[in-house]
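Me: I've got a sequence and a model open on my screen, and I keep tripping over the labels people put on things. Can you walk me through how they are earned?

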Amino acid sequence: MDNSHKKSFALALAWCYAWGLASDPKKDLSIFQKTRQALQKQSPEQIPEEITDIIAQIEELQDLDFPNTSKDLQQITEKLPDLWQAKIGLVYGGATKIKGYVFEAAKLPDIRGASALLDRINLIDLPAFFDRHSKPAIDKWLEANFPGLQDGLIPELIVYSTGGNILAFCPAALADDLANAIEKRYTEETLTANSCAVGDTFKMLEVRFGLLPDNIDDGTQWLEWYKNNAKDELVKAYFHRSEDLEKDFQNRKSFNELVGKLATRFNQRRAGNILPNNLPHKNRPSRRYPPMFETHPYLVRDESDRRNAIKQVKLPGEPCLSEVLARKRIFGQITKKEGSGGQKWYSGLDYDWEPGYVDSWVRKFRDSFQKTDLNQQYYENLPEKIRRADEVKEAKSLREIAGAEAESVPPTSGFVGYIYADGNNMGGYIQTIKTPQKYKQFSLDIFKATEISVYKAIAKHLQPRQVKNPDPDSNTKPGTWIHPFEIIAIGGDDVMLIVPADKALAIAQTIGEEFENYLISTGRYNLEESNEESKESHRYRPEKAPKSRCGLSTSVGVLITSDDTPIYYAENLTNQLLKSAKTKAKELNKDYNYHGGTIDFLAMKSVTMLTSNVKAFREEGLTVESEDKPTLKLYGSPYTLYEIGGILETAKALKESGFPRSQLYQMRSFLEQGKKTAMLNYRYFRARLDEESQDLLFENFEEAWCKSKTNNGYLAPWMFLEGGKNSDKSIYETLWRELVDLYPFIEVAKEEVVESS
């Protein structure tokens, strides 16, 4: 673990203890200011005499072994009396129901602005609470709303603030004020975004050993009590995660237990519950009544049709905007670095709200690899005269991302890919984190892994594209070179972005692979060499499948659809695909000890193609069941990351073979007619290809995916699965439909494609 995190933890506890010593902390700051300076300079001789004992106890606390008996625990409380008596505050909070706020608008500029505004609050405003003078506007706001709060906050108190939530220590007396300030900041800046924050006070010793009773004696329920009651269902539900009882108890009785208590309180408050009067902090303002904006039936509503419009502004299309939508729109323009001339409409609204500023994800992406080989690869197709990266603009609309104006790759123009990624086993791993220092390290590692994996994936698979015929709703000029992607959000282990359809799956696969590669490079999340993973977790060339090396991974949902598909609808389907991929990851982990990532994707050629949810569509429309015949699944999703690489190779081989497109669709219709009918027709169509094309299909489709499990034959286009737990029936599935859907989005050299008659 980084020694700086250990030092930061010591400083946080010492600061909060010193604050509690001062008779009036808001006036007398000398004790804890001197403490902080001494610890930062590593000058023990300069530490104020009043807290030298507590510093020694904090240093000893970090090196203590876990007490095995209640008597051992009692001796620790007697040995470290200040840590047993002193209190420290812990606050947890952030935005909730984020998708409802971000995707309530129908247009990309408003979605972009909503996401960027939340990013500004998460990544800039809240950390600035703890760093006086870093953001004068924040200092002024806090002094006006919560006078004196910022005096008790320093950067070292933050445990993490990178994933849309913040977890931080604070002096015990300030816990309620800090929680209120977090909620108020979200409400004042966004007007309608939901947020929640909770705080509590704990004994400093509890930060190391979890929740403790007020009195410690020989009868305290500790490890020996847990071992004697481990079979009790309630005890098992609270502690049990493995067969190692001692390890389970130590994992639970740690800083993690404090965070768990706050998480429970967070969920209660988010749900609008009124906490019982016997609980602390009962006098905090209720959040049962969220902000509401009346919409009169005879007044004009804004573009989202949710609130009364305040003005019709001079923007393309002359939209009517409410104050909420106006804030999203102006902030979206700021993050896209649109000129001040295009922002004059906002000054005409005569509001005193200042949007502030946050770097767009595109600029962060551009700056992330300036001195690497990826920089040359990404920009190599640019004309020499615009080699400067800042001359490539950001995409203003989905139409620009889809390449509808580009002259290259006509079959893919007009389609985009929505990618939604989320981490696997994060909650399970967090349960093993015992200290604030490791919480901080874990948060930083995951955020960096997520951000770097997205940037690398984009740089490897995309290049700037030139706009030919701009979208009439944007001010992009013909001939402008743009970055053809939109990063809607990167928060913790969550990612949502929009990319050209032809690169969506490759980008999704690389995100998953690079996420694991970064975590492996830290040396903190590697699986043991003895990890037993079955090759049966993969259907594509299982004998060549790599073994999982990282204990954490990502699941990804990918939706390929038209650029005019409503964004809220596309987001909903992508989220369903993500959940399907995560379910697959859990099943593979349980059945085959697989720890890698998974991807579920769907290519939707029209909005009317899917009228229900994805799961129902597949079960009712793509599954053929009969009493006396095997079950046929006309789809293969979800896939492992390794399998996604395989399906891309197979799709490329299918296109290179010159398999007639009319026969592709004809073969798809044969799938529903039964296993034997589909196999017979596949072999007939394949036999009509030339010998080289037949060999290409055999190697990359039949041999790669469709080997029989009981003999040396091949079942193309089917793959055989064992029957489910509650059924003895065999199951056959096929990836042919997915190959046909991907066919237009696979690019190969033109001379390689020679369609047979």
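Reply: Sure, and keep in mind that this is a predicted model. Let's start with one residue in a helix: E514 sits in helix α22, residues 504–522, and its contacts are S453, K456 and K460, leaving out residues up to four places away in sequence.

Me: Why is E514 called buried?

Reply: The cut-off for buried is under 20% relative accessible area. E514 comes in at 11%, so the label fits.

Me: On to α7. How do you know that the length of α7 agrees with its 22 residues?

Reply: You take 1.5 Å times one less than the number of residues. For α7, residues 108–129, that gives an expected 32 Å, and the end C-alpha atoms are 31 Å apart, so the two agree. There is a bend along the way, though: about 35° at I121.

Me: What makes α7 largely enclosed by the rest of the structure?

Reply: It comes down to burial: 19 of its 22 residues are buried, so the label follows.

Me: Now the rings. Why is the pair F66 and F249 called edge-to-face?

Reply: The structure holds 40 aromatic pairs, and this is one of them. To pair, ring centres must lie within 6.5 Å, and planes over 60 degrees apart count as edge-to-face. F66 and F249 have centres 6.0 Å apart and planes at 85°, so they pass on both counts. The pair also links distant parts of the chain: F66 is in the loop between α3 and α4, F249 is in helix α13, and they are 183 residues apart. Both are buried.

Me: What makes F659 and F685 an edge-to-face pair?

Reply: Same test: the centres are 6.4 Å apart, within the 6.5 Å limit, and the planes are at 80°, over the 60 degrees needed. F659 lies in the loop between α25 and α26 and F685 in helix α27, so the pair ties together parts 26 residues apart in sequence. F659 and F685 are both buried.

Me: Which residues form one aromatic cluster with F66 and F249?

Reply: F209, W222, Y226, Y238 and F239 join them in that cluster.

Me: And how do you know that the charged end of R185 sits over the ring of W141?

Reply: The distance part of the test asks for CZ of Arg within 6 Å of the ring centre, and R185 is 5.0 Å from the centre of the W141 ring. K364 lies over the face of W361 too, at 4.1 Å from the ring centre.

Note on methods: Residues numbered from 1 in each chain as written. Predicted model: local features only at pLDDT ≥ 70, side-chain atom pairs only at ≥ 80, totals over all residues. Heavy atoms only, no water. Helix = DSSP H or I, 4+ residues; strand = E, 2+ residues; numbered from the N terminus. Buried < 20%, exposed > 50% of the residue type's maximum accessible area, 1.4 Å probe, protein only. Contact = heavy atoms within 4.5 Å. Bend = angle between axes of the 7 residues up to and from the residue. Phe/Tyr/Trp six-rings, centres within 6.5 Å; stacked < 30°, edge-to-face > 60°. Lys NZ or Arg CZ within 6 Å of the ring centre and 35° of its normal.
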